[in-house]
Amino acid sequence: MAEIFEVSQINEYLRQRFEADEFLGSLLIRGELSNYKIYPSGHHYFTLKDSQSAIRCVMFKGSAMRLRFRPETGMKVIAGGRIAVFPRDGAYQLYCTSLTPEGVGDLHVAFEQLKLKLQAEGLFARERKQALPRFPHRLRRLCPCFPAARALPASFALCPRGLAIITSAAGAALHDMLRILRKRYPLTEVKLLGVRVQGAEAPAEIAGAIRYANRWELADLIITGRGGGSMEDLWAFNDERVARAIADSHIPVISAVGHEPDVTISDFVADLRAATPSNAAELAVPDQTELRQHLAAQRAMLLTLMTRRLKQERQRVAQLAGARALRDPKNYIDDRRMQLDYTQRRLIAASQRLVAQQRERFVRLTSKLDAMSPLKVLSRGYSMTFDAQGHVVRSVRTLSCGDRITVRLADGRASAEVREI
């Protein structure tokens, strides 16, 4: 007889099979938006269709907030995401994580494909993000051993670990960052690893600089990025080599590419995304004005606490100065002598009571022992009889005529022979 299943069991089985299929876990689908609705929860629900078929889709609020355009019914798009079964309805649907208008070019398709691939590997996961150091140890300007850095002036000198900037040495983004760093935290010195940020050679140079900084532990924090431009100009930061170099970095990385609307793969992988290179400089170091205000507040609080503590200690010294022991030290010694005499008397009295108690207990135990002694019974005219082996004779049946016995009396012993029983 065939086994009978519940509907929920079948739906759960199908859900597991869909999730186990790697092909369905990361897809790009071209189609036309239909019946597009945005619910009060912020989730987007729509249908993606072509001339022959349709598939239900949902884009949750977190993904929808990253859209750079407003989707509308009838729009041709490329949707990225995974296909899974919704167990309650028993229907499969596309869980969409990205939408790109169709016709924007191969770069957008490549971008979405790489994004889905790295996202599936967990490179965008929040738990992988490293915390930025609050105060980079010391910041330096130049690594003269890095080839592209030699184009800078000789005044950029080597100094201990701190902040490393990986960008073009001739770009305006670098000068903006240096200006803000000097303004916010003048103690900083920035170390630059100059690289190309555009062109076919740029991805290898950027990835190599990140690995170089990690290998030699050149910095406590890395900023990598460039100024704004077209998608083609920014493409070096959408390269898989750069993304994996950032992901492998044990030094925290800030991605600062382009302007606020510009989003690259590096932004998703980096430990922190900055809206612009200038914003990256602001995020990398504290503001000296805020630090000075904080230090001033701490100084005022410390002075208040010290003043209060000194006042308390002065009061305590005044109390001690008025103490009887300090006014006349001999009084203190006299008090201790009297206390010693009192303690001595208490010890003597306690020892005498203990001796009396033990003596009384000894007499009581002696009386009990005397009352239970066999000699006490013999003194009243009784005697004890022992056979030749020294055993107490308890019955005449154990004796025979001619046996030698010993009779114990209160004041001695007597030997006898049994004549008659």
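Lys and Arg count as positive and Asp and Glu as negative, while His and the chain ends are not counted.

**Figure 1. Charge and surface of the whole chain in a predicted model.** With charges assigned in this way, the chain carries 63 positive and 45 negative charges, and their mean positions are 12 Å apart. The exposed area of the chain is about 27,000 Å². Carbon and sulfur atoms supply 54% of that area. Of the 421 residues in the chain, 33% are buried.

**Figure 2. Overall build of the chain, with its helices and strands.** The chain has 13 helices and 13 strands. Its radius of gyration is 49 Å, whereas the globule rule gives 22 Å for 421 residues, so the chain is more spread out than a compact globule. Taken along the principal axes, the box filled by the C-alpha atoms is roughly 140 × 100 × 50 Å. When contacts between residues at least 6 apart in sequence are considered, 60% of them join residues at least 24 apart.

**Figure 3. Close-up of His44 in strand S2.** Strand S2 covers residues 44-49, and His44 belongs to it. The relative accessible area of His44 is 8%, and because buried means under 20%, His44 counts as buried. A polar contact of 2.6 Å links the side chain of His44 to the side chain of Tyr36. Not counting residues up to four places away in sequence, His44 touches Tyr36, Lys37 and Ile38, together with Cys57, Val58, Met59, Ala64 and Leu67. Tyr36 therefore appears both in this list of contacts and as the polar partner of His44.

**Figure 4. Close-up of Asn35 in strand S1.** Asn35 is found in strand S1, which takes in residues 27-38. Phi of Asn35 is near 55°, a positive value in a residue other than glycine. Most residues other than glycine have a negative phi. With a relative accessibility of 46%, Asn35 is classed as partly exposed.

**Figure 5. Close-up of Glu217 in the loop between helix H6 and strand S8.** Helix H6 (202-215) and strand S8 (219-226) flank the loop that holds Glu217. Glu217 also has a positive phi in a residue other than glycine, here near 50°. The relative accessible area of Glu217 is 43%, and the residue is partly exposed.

**Figure 6. Close-up of Arg327 in helix H11.** Helix H11 is made up of residues 324-327, and Arg327 lies in it. Arg327 has 57% relative accessibility, and because exposed means over 50%, Arg327 counts as exposed. If neighbours within four places in sequence are left aside, Arg327 is in contact with Ala321 and Gly322.

**Figure 7. Close-up of Gln389 in the loop between strands S11 and S12.** The loop that contains Gln389 runs between strand S11 (384-386) and strand S12 (404-409). Gln389 counts as exposed, at 59% relative accessibility. Gln389 and Ile405 are 16 residues apart along the chain, and their C-alpha atoms are separated by 9.0 Å.

Conventions:
Residues numbered from 1 in each chain as written. Predicted model: local features only at pLDDT ≥ 70, side-chain atom pairs only at ≥ 80, totals over all residues. Heavy atoms only, no water. Helix = DSSP H or I, 4+ residues; strand = E, 2+ residues; numbered from the N terminus. Rg over C-alpha atoms; globule rule 2.2 N^0.38 Å. Buried < 20%, exposed > 50% of the residue type's maximum accessible area, 1.4 Å probe, protein only. Contact = heavy atoms within 4.5 Å. Areas by Shrake-Rupley, 256 points an atom, 1.4 Å probe, with all protein chains shown as cover. Charge placed at Lys NZ, Arg CZ, Asp CG, Glu CD. Polar contact = N/O pair within 3.5 Å; in protein donor to acceptor, adjacent residues only side chain to side chain.
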